[in-house]
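Student: Could you go through this protein model with me? I would like to begin with how its strands are arranged.

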Amino acid sequence: MTKRLDLRVDFAFKSLFGTHGNESILAAFLNAALRFPDEKKIQTVQLLDPHFNKENQEDKRSILDVHAQLEDGSRVNIEIQLNNKHDMEKRTLYYWSKMYSSQMKEGMDYGELCKTITINIVNFRYLSHIHEYHSTFQLYEREQKLLLTDMLEIHFMELPKLLIKWRNREVDPREDQLVRWLLLLEASEDEEITQVLEEIAMQEDQVLKKAMDEWDRVSQDPEVLLAYEARRKALLDEKSALKRAEKKGKEEAIKAMAIGMIQEGIANNVISKLTGLSIEEIEILRHQ
């Protein structure tokens with residue numbers, strides 16, 4: 001069997017969920033993610049231009065998000081992140097505001113603005129104080145927990161938390177469709193997940209079967225593979241750069257702490273024990 005693309009790579013995710021002709025796949029995912037009641041299930045979605053907020057060539061916004069409009073006019077943007085850039089909440093609010101305000105046209109009334117939803121699928125633990133893999137945020141009054149408006153809705157879906165629950169048999173893709181779709185993103189690296197999802201696809205879920213068939217197809221497309229490999233390399237380079245920056249930041253923080261101890265007259269052996277720096281490194285700091 002041909003090795004399938006890693007759907008956690010944003011290019012591959014968009015190739016499956018954000019490509020014209022695959023709207024039924026995106027609708028099924030959104031129905032699972034947004035948990036609409038049966039009478040409000042999404043029937044169709046319209047894929048929108050992902051460049052809606054690209055103001056110039058240096059704009060940091062990726063065009064690999066999936067941007068869509070629901071039947072009631074609501075806007076949805078799905079972003080998948082492999083690497084933790086430690087600024088998710090600010091980036092999310094900024095891009096939510098761009099998506100919300102982009103609806104406004106000349107002469108339009110504020111009352112015509114539609115609900116705007118962002119979905120962040122992350123391949124790292126982000127909300128450390130929350131144990132659930134799926135968290136939803138809206139605007140509430142702090143004391144009364146009164147919803148101010150439903151115009152803003154932000155979702156975080158943390159894949160590592162879901163995998164822990166899957167391995168502990170706390171979730172079942174046969175019973176929970178969101179679990180089903182999120183585990184699909186992990187299936188390229190896990191034969192057990194792949195087997196379970198293929199059984200579900202064959203027995204009961206025609207849209208999932210369509211998704212897996214399409215996944216097989218794009219995984220064999222030479223043009224898709226070329227672009228996918230280029231994007232995967234860029235993400236790996238980005239991850240390495242983030243690690244280098246994090247390491248440098250930690251080293252600078254340790255040196256700053258050591259300098260503070262030196263200024264307080266603390267002995268080298270104590271500083272070394274507390275910071276992990278060698279006596280030679282501390283001596284160099286003393287003479288700077």
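Tutor: Let us begin with a term: two strands pair if DSSP finds at least two bridges between them. Please also keep in mind that this is a predicted model.

Student: Which residue in β4 is the bridge partner of Gln81?

Tutor: The partner of Gln81 is Val122. Strand β3 covers residues 75–81 and strand β4 covers residues 116–122, and 7 bridges join them.

Student: Do β3 and β4 run parallel or antiparallel?

Tutor: They run parallel. In general, strands of a sheet pair through backbone hydrogen bonds, and either direction is possible.

Student: What is the order of the strands in the open sheet?

Tutor: The order is β1-β2-β3-β4-β6-β5, so named for 6 strands numbered from the N terminus. The pairing is mixed. At the edges are β1 (46–47) and β5 (134–140), each of which pairs on one side only.

Student: And how many bridges join β5 to β6?

Tutor: There are 6, and these two strands run antiparallel. Within this pair, Thr136 stands opposite His155 of β6. The two strands form a hairpin with 6 residues between them, and Lys145 in the turn has a positive phi of about 55 degrees.

Student: Which strands does helix α3 lie across?

Tutor: Helix α3 (residues 88–101) lies across β2 (66–69), β3, β4 and β6 (147–158). With respect to β4, the helix runs at about 145 degrees.

Student: New topic: what is the volume of the largest pocket?

Tutor: Its volume is about 320 Å³. The pocket is lined by 18 residues, and those closest to its centre are Asp6, Val9, Leu82, Tyr228 and Arg232. By class, the lining has 7 nonpolar, 4 polar and 7 charged residues.

Student: Lastly, where is the pLDDT below 50?

Tutor: That applies over residues 53–62. The protein averages a pLDDT of 88, and 94% of the residues score at least 70.

Notes
Residues are numbered from 1 along each chain as its sequence is written. This is a predicted model: local features need pLDDT of at least 70, side-chain atom pairs count only at pLDDT 80 or more; totals for chains, interfaces and linings use all residues. Side-chain values use heavy atoms; hydrogens and water are left out. On a 1 Å grid over the protein atoms alone, a cavity is a set of points where a 1.4 Å probe fits but cannot get out, and a pocket is an open set with protein on both sides within 12 Å along at least five of seven lines; lining residues have an atom within 4 Å of a point. Grid points are joined across faces, edges and corners, and a volume is the space filled by probe spheres set on the points. Ala, Val, Leu, Ile, Met, Phe, Trp, Tyr, Cys and Pro count as nonpolar, Asp, Glu, Lys and Arg as charged, and the others, Gly among them, as polar. Helices (H or I, at least four residues) and strands (E, at least two) are DSSP runs, numbered from the N terminus. Contact means heavy atoms within 4.5 Å. Axes are lines fitted to C-alpha atoms, for helices over the stretch in contact, and angles run from 0 to 180 degrees between N-to-C directions. pLDDT is the predictor's confidence in each residue, from 0 to 100.
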